[in-house]
Amino acid sequence: MEPVTDTTDALPPAEGLLTIGAFAARARLSPKALRLYDRLGLLRPAHVDDTTGYRYYRVAQVERARLVFLLRGLDMPLARIAEVVERQETDGQAAADLVSAYWADVEERLAGQRTLAHYLRGRLSGRSSELYATFEVHTVDVPEQWVITEKRHTLVEELPVWIPASLGRLEAAEEACGGTTGVPFVVYHAEVSQESDGPVESCVPVADPEAARSWAARHARAWNTTARLEPAHRIAYTRITKAQVANPQIHAAYEAVEAWLTNQNLPYAGPCREIYFTDWDDAGPEDEVCDVAFPIAPYPIAP
């Protein structure tokens with residue numbers, strides 16, 4: 001058990017050390033916070049008296065104490081705080097980059113939560129039609145195209161990992177298949193949720209059917225690849241931001257397109273899909289990155 005009298009009344013065991021009270025005053029922190037930082041391994045005392053259990057600190061530890069306090073103000077996880085403060089001692093710019101990376105993650109999460117809160121308010125208040133009205137639905141004709149694909153049964157929580165990995169493998173094969181002829185897309189052949197696992201199919205359009213079939217045959221066992229002709233069709237779609245791609249926010253976009261199709265009395269002509277038309281890594285939370293689409297008819301269609 002920690003001693004109750006871990007206070008400024010204790011005398012330092014050596015010159016240059018501060019009692020916890022004196023150090024707390026310098027760091028503008030409470031002794032309670034310093035004890036917590038010690039327990040968490042973020043700021044160990046320079047010396048602990050074997051007999052009394054009193055903690056003592058060096059003046060040079062003041063900056064680290066203040067830094068830990070400020071980082072906790074960002075709700076940064078303890079492991080990342082430890083990484084920042086350790087890096088700061090040898091490379092201040094690298095430590096600053098760690099904070100920037102963490103805050104970018106926070107902003108992306110908050111953007112997604114903001115969108116989700118808006119969606120839930122509309123759904124719970126019975127104003128779904130108003131929510132759907134925020135999505136503009138358009139139609140476009142898509143010509144036939146050869147695609148190389150990967151297909152997998154996967155639950156919804158696995159999608160953020162599997163989709164970029166599978167599209168990365170397919171895009172790396174573009175040159176071997178004559179180059180790309182369009183943007184990548186993901187087809188949902190059945191429901192994907194916490195209980196239902198699809199399957200889901202990642203697709204990349206390519207120019208050379210023979211090379212595509214050859215490539216797919218070589219990788220079929222490892223990645224369940226294939227090459228196939230995607231028929232010409234017309235799609236109804238709405239465009240969404242990177243923040244809106246997160247589940248379950250993306251459901252609002254799907255529901256908006258489905259509601260539009262119902263109002264237009266248009267039946268589905270194929271499984272729904274997400275069409276990714278920009279670089280995901282370079283996009284910010286509010287940048288448009290994806291079309292949520294439903295095939296609605298074979299191509300061509302008279303105007």
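## Proline 31 and a long reach

Proline 31 counts as partly exposed, at a relative accessibility of 29%. The structure you are looking at is a predicted model, and this proline is a handy place to start exploring it. You will find proline 31 in helix H2, which covers residues 31-40.

From here, try looking across to leucine 266. Proline 31 and leucine 266 are separated by 235 residues in sequence, and their C-alpha atoms lie 68 Å apart in space.

## Two cysteines without a bond

A disulfide is a covalent bond between the sulfur atoms of two cysteines. How many disulfides does a search of the whole structure find? The search turns up 0.

Cysteine 272 helps to show why: the closest cysteine sulfur to its own belongs to cysteine 290 and is 11 Å away, too far for a bond. A disulfide would need the two sulfur atoms to be within 2.5 Å. Seen from the other side, cysteine 290 is in no disulfide either, and its nearest cysteine sulfur is that of cysteine 272.

Are these two cysteines buried or exposed? Cysteine 272 counts as buried with 18% relative accessibility, because the cut-off for buried is under 20%. Cysteine 290 is buried as well, with a relative accessible area of 0%.

## The loop between S6 and S7

Strand S6 (185-188) and strand S7 (200-206) are linked by a loop that holds glutamate 195. Glutamate 195 is exposed, its relative accessible area being 69%. It also belongs to a negative surface patch, formed by Glu157, Glu158, Glu191, Glu195 and Asp197.

Proline 199 is in the loop between S6 and S7 too. What kind of peptide bond joins glycine 198 and proline 199? It is a cis peptide bond, with omega at about 20°.

## Two residues with positive phi

Two further loops are worth a visit for their backbone angles. Aspartate 75 has a phi near 60°, a positive value in a residue other than glycine. It sits in the loop that runs between helix H3 (62-72) and helix H4 (78-88). At 66% relative accessibility, aspartate 75 counts as exposed.

Asparagine 265 is not a glycine, yet its phi is positive, at about 55°. Where is asparagine 265 found? Look in the loop between helix H9 (250-264) and strand S10 (273-276). Asparagine 265 is exposed, with 69% relative accessible area.

Notes. Residues are numbered from 1 along each chain as its sequence is written. This is a predicted model: local features need pLDDT of at least 70, side-chain atom pairs count only at pLDDT 80 or more; totals for chains, interfaces and linings use all residues. Side-chain values use heavy atoms; hydrogens and water are left out. Patches are made of residues with over 30% relative accessible area and no salt bridge: like charges are joined within 9 Å, nonpolar side chains (Val, Leu, Ile, Met, Phe, Trp, Tyr) within 5 Å. Accessible areas come from the Shrake-Rupley method with a 1.4 Å probe; for residues, only the protein chains shown count as cover. A salt bridge is a side-chain nitrogen of Lys or Arg within 4 Å of a carboxyl oxygen of Asp or Glu. Lys and Arg count as positive and Asp and Glu as negative; His and the chain ends are not counted. The place of a charge is taken as NZ of Lys, CZ of Arg, CG of Asp or CD of Glu. Helices (H or I, at least four residues) and strands (E, at least two) are DSSP runs, numbered from the N terminus. Buried means under 20% relative accessible area, exposed over 50%, partly exposed in between (1.4 Å probe, protein chains only).
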